[in-house]
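Got your viewer open? Let's take a short walk through this one, selecting a few things as we go.

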Amino acid sequence: MISLRKSAEPSILAANKERWTQELLGGNDDALVKRKYALGPIKAAIIEETNGKCAFCESKLLHIAYGDVEHITPKKWEKALAFEWFNLTLACDVCNTNKGTKTDIFDPYSDDPSSHFWFVGPFIFATPTASLAAEISLVALDLNRANLVERRGERIKNLERNLKVIVNCPQVELRKVLSEALLKNESDASKEFCACSRAFLDDPRVAAMM
Ligand SMILES: [Zn+2]
């Protein structure tokens, strides 16, 4: 999980959310009304601000599935927030299902995940001072599920291969360029599992080799 920032509210949402909310609160909760928060321009804006990644596990979604527009506060409990821009994000199928109608799930828009989650290799742990929401999210969303651990492990192996090339590079200038490129590319928010990569690259033993 990485820190996310809300982008500008799509005009179609700003123009219609009051009416859609009234329709929903008025009992007209047919599929059409409920799915208006996932209309093309709204979903496109959510995909852009999340870099096409699940807001919770950082899986890249666009290659395999389009993901679901997720309500940070479940619409089942807060229908009035169903069309609020600040309450919408992107989640993969698994996180979406695991989150379900749970409340108290960590909100990466309002708090910095790096203060609450630690990476040890491909595994995520809650820090000793982690919030209750972080502790709940780690378990409820199953952020160390086998598939994620395996894919984060692959990213670490890739980093190791790059690090080996850098360490064995005899030319100082080239080594510097390669180090900077590795840091810039792998730490970028658009990269899948960049929180894991950042933790690996921030390790003082790794940093000393670059
Ligand atoms: Zn996910």
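**Stop one: the pocket**

Start by selecting Met1, Ser114, Phe117, Phe119 and Ala195: of the 15 residues that line the largest pocket, these lie nearest its centre. Keep in mind that you're looking at a predicted model. The space in this pocket comes to about 250 Å³.

Now colour strand E3 (117-120) and helix H8 (194-202), since each of them supplies at least two residues of the pocket lining. Which element gives the most to that lining? It's H8, with four residues.

If you colour the lining by residue type, you'll find 10 nonpolar residues, two polar ones and three charged ones.

**Stop two: the zinc ion**

Next, select the zinc ion and show the side chains of Cys54, Cys57, Cys92 and Cys95. The SG atom of each of these cysteines coordinates the metal, at 2.3 to 2.4 Å. Try the angle tool here: the four donor atoms subtend 103 to 116° around the zinc ion, so the arrangement is tetrahedral. For comparison, ideal angles for four tetrahedral donors are 109.5 degrees.

Flip to the sequence panel, and the donor residues read as C-x2-C-x34-C-x2-C. Cys54 sits in the loop between helix H3 (40-49) and strand E1 (68-71), while Cys95 is in helix H4 (residues 93-99), so this pair ties together parts that are 41 residues apart in sequence.

Before you leave, switch on the surface and look for Cys54 and Cys95. Are they buried or exposed? Both Cys54 and Cys95 are buried.

Technical notes:
Residues numbered from 1 in each chain as written. Predicted model: local features only at pLDDT ≥ 70, side-chain atom pairs only at ≥ 80, totals over all residues. Heavy atoms only, no water. Donors = N, O, S within 2.8 Å, 3.2 Å for Na, K, Ca; no water. Tetrahedral: all angles 85-135°; square planar, octahedral: opposite > 155°, others 65-115°. Buried < 20%, exposed > 50% of the residue type's maximum accessible area, 1.4 Å probe, protein only. 1 Å grid on protein atoms, 1.4 Å probe; cavity = no way out; pocket = protein on both sides within 12 Å on 5 of 7 lines; lining within 4 Å. Points joined across faces, edges and corners; volume = space filled by probe spheres on them. Nonpolar A, V, L, I, M, F, W, Y, C, P; charged D, E, K, R; others polar.
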